[in-house]
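Biologist: I would like to learn how to read salt bridges in a protein model. Where should we begin?

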Amino acid sequence: MMVTSHAVVGVALTAPLLVVAPELAPVAALAGFLGGVFPDLDLLVGTHRKTLHFPLVGWLVALPALVAAALVQTPATVVVAAFTVAAAVHAGMDALGAGEELRPWERTNPYAVYLHPRGRWLRARYWVPYDGSPHDLAVTLVGALPGLLFFSGTVRLLCALAVAVAAPYTLVRKRLPPYFERIV
């Protein structure tokens, strides 16, 4: 899935704070956005969908952080909880998409995300056929709604930028592999 999808879902996960702790919601939303982006930094360093993607182990960090934030509602606990939950959700979302390949619609690589405790790759589910697919854009649009409708300032701007990047990327995604091949 597109990093924009992960980022706005990270924001959407924090929307309930607008009701229970509205003063903490904006900082949590920013942390959720960053937590949604963080796992994809392994595109730059390491093996993508392995080095920083933890679909199971991530929850071993996220759940205690979530409990701590529920018990002690401070900006620090809420930021850590939002960031770690968004990162764990990101890794799980990738298991629902395509394999890691330049032309995922061809389905030549069935491996979606690495499951560290088992030492193996989870198979791609193709619920979202490929990054930049219309399905993926739909995830970005739906995920961005809470940020666009209920937040203001930086959070709203980041969600709008995510949509502004995702829509044109979706339009050109299938034309990009030849250009990526030249770079790689």
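Modeller: Begin with the term: a salt bridge is a side-chain nitrogen of Lys or Arg within 4 Å of a carboxyl oxygen of Asp or Glu. Keep in mind that this is a predicted model.

Biologist: How many salt bridges does that rule give here?

Modeller: The count comes to four. In one of them, the side chains of Glu181 and Arg103 meet at 2.7 Å, N to O. This pair links distant parts of the chain, with Glu181 in helix α8 and Arg103 in the loop between α5 and β1, 78 residues apart.

Biologist: Are Glu181 and Arg103 buried or partly exposed?

Modeller: Buried means under 20% relative accessible area, and exposed means over 50%. Glu181 has 40% and is partly exposed. Arg103, with 24%, is also partly exposed.

Biologist: Which residues are joined into one network by salt bridges that share partners?

Modeller: Arg49, Asp94 and Glu100. Arg49 forms a salt bridge with Asp94, where the closest N and O atoms are 3.8 Å apart. Arg49 lies in the loop between α3 and α4 and Asp94 in helix α5, so the pair ties together parts 45 residues apart in sequence. The side chains of Arg49 and Glu100 also meet in a salt bridge, at 3.5 Å from N to O. Glu100 lies in the loop between α5 and β1, so its pairing with Arg49 ties together parts 51 residues apart in sequence.

Biologist: What is the relative accessible area of each residue in the network?

Modeller: Arg49 is buried at 5%, and Asp94 is buried at 1%. Glu100 is partly exposed, at 32%.

Key. Residues numbered from 1 in each chain as written. Predicted model: local features only at pLDDT ≥ 70, side-chain atom pairs only at ≥ 80, totals over all residues. Heavy atoms only, no water. Helix = DSSP H or I, 4+ residues; strand = E, 2+ residues; numbered from the N terminus. Buried < 20%, exposed > 50% of the residue type's maximum accessible area, 1.4 Å probe, protein only.
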